[in-house]
Amino acid sequence: MNTPQPASGLPSRVGVLGGGRMGAGIAHAFLVKGADVLVIERDEQSAEAARERVESAAAKSIERGAVDANLDELVSRLALGVDYGAFKDRQLVVEAVPEDWDLKVTALRGIEEQLSGDAYLASNTSSLSVSGLASELDRPRNFLGLHFFNPVPASTLIEVVLGTRTSPELAAAAKGWVEALGKTAVVVNDAPGFASSRLGVAIALEAMRMVEEGVASAEDIDAAMVLGYKHPTGPLKTTDIVGLDVRLGIAEYLHSTLGDRFAPPQILKDKVARGELGRKAGKGFFDWPS
């Protein structure tokens, strides 16, 4: 059994703010490639829940044979806390809080205050302006978007989003990090929705309108995209996995920046209002048994 060392080019000390589904997945990605990982959460209960998520994902990776390591060794490199000050020795910190502008700005400023001048900061935002977020920081050259995809362990894609002031050195380093994580980088310049969210949400919103108009069932619409276009999952099931509330937030932002073609359908707003948020709630466009 090998003891993993940080993959070539990967920061050895990585921080993640937020230990929900995405944050835990990001922490797991760096952990299994040999980095020491620190996850900061808002309180002790949330931190403990984050620990369980990361440790569970690590155990599954070992069971599948995807990682040749001892679980005890892996989790010995995982730390949890509730104090931003613990980020002070991190070489890279990835922010993974919910998709809310004010929350992200507050979080990013709080992280940056703790980092050394040569440390890097990234946001896992799926749609918000990276250049706009950077403008709220003291060191915008050291900031970019690293958009991981859900579920992180299974996804092979990371969208590297360059702000207008992201340094060329950071842009090059980020591509190396993605490669070291065993994933593929898609590099995009900052624009509303980047490439992935803009295309994915456009398809999903049209699929929702088709359900709303009675064109076909959710099952048949998804089957058309899976069988006809070789999508691994259909746009409605993907929406359930991502979360209808998350999709609604992105659609509202894209509607405000790109116009009416991204206006969220009433069926999406109604489902969110009823708490039908997808897999995490047990019901969305499909039923998800617990």
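Here is a chat about a serine, a helix pair and the empty spaces in a predicted model.

Student: Hi! Where does Ser129 sit?

Tutor: Hello! Keep in mind that this is a predicted model. Ser129 is in the loop that runs between β5 (120-123) and α5 (130-134).

Student: And what does the side chain of Ser129 make a polar contact with?

Tutor: One partner is the side chain of Asp190, at 2.9 Å. The Ser129 side chain also reaches a backbone atom, the nitrogen of Gly132, at 2.9 Å.

Student: Leaving aside neighbours within four places in sequence, which residues is Ser129 in contact with?

Tutor: Those are Trp101, Asp190 and Tyr253. Asp190 therefore turns up twice, as a contact by the 4.5 Å cut-off and as a side-chain polar contact of Ser129.

Student: Nice. Switching to helices: how do α9 and α10 cross?

Tutor: Helix α9 covers residues 235-242 and helix α10 covers residues 244-258. Their axes come within 6 Å and cross at roughly 100°. Angles of 65 to 115 degrees count as roughly perpendicular, so that is how α9 and α10 lie to each other.

Student: Which residues make that contact?

Tutor: From α9 there are Pro235, Thr238, Thr239, Asp240 and Val242, and from α10 there are Leu244, Val246 and Arg247. By class, the contact has 4 nonpolar, 2 polar and 2 charged residues.

Student: OK, empty space next. How many cavities of 30 Å³ or more does the count come to?

Tutor: The count is 1. The largest cavity holds about 50 Å³ of space.

Student: What lines the largest cavity?

Tutor: Its lining is made of Glu112, Leu115, Ala119, Tyr120, Leu121, Leu137, Arg139, Asn142 and Phe143. These divide into 6 nonpolar, 1 polar and 2 charged residues.

Student: What about pockets? What volume does the second largest have?

Tutor: The second largest pocket has a volume of about 370 Å³. It is lined by 15 residues, and the closest to its centre are Arg21, Arg53, Ala57, Pro151 and Pro153.

Student: Which helix gives the most to that lining?

Tutor: That would be α2, with 6 residues. Both α1 (21-31) and α2 (44-63) supply at least two residues each.

Student: And how does the lining of that pocket split by class?

Tutor: The lining of the second largest pocket has 7 nonpolar, 4 polar and 4 charged residues.

Terms used
Residues numbered from 1 in each chain as written. Predicted model: local features only at pLDDT ≥ 70, side-chain atom pairs only at ≥ 80, totals over all residues. Heavy atoms only, no water. Helix = DSSP H or I, 4+ residues; strand = E, 2+ residues; numbered from the N terminus. Polar contact = N/O pair within 3.5 Å; in protein donor to acceptor, adjacent residues only side chain to side chain. Axes fitted to C-alpha atoms, helices over the stretch in contact; angles between N-to-C directions. Parallel < 35°, antiparallel > 145°, perpendicular 65-115°, else oblique. Nonpolar A, V, L, I, M, F, W, Y, C, P; charged D, E, K, R; others polar. 1 Å grid on protein atoms, 1.4 Å probe; cavity = no way out; pocket = protein on both sides within 12 Å on 5 of 7 lines; lining within 4 Å. Points joined across faces, edges and corners; volume = space filled by probe spheres on them.
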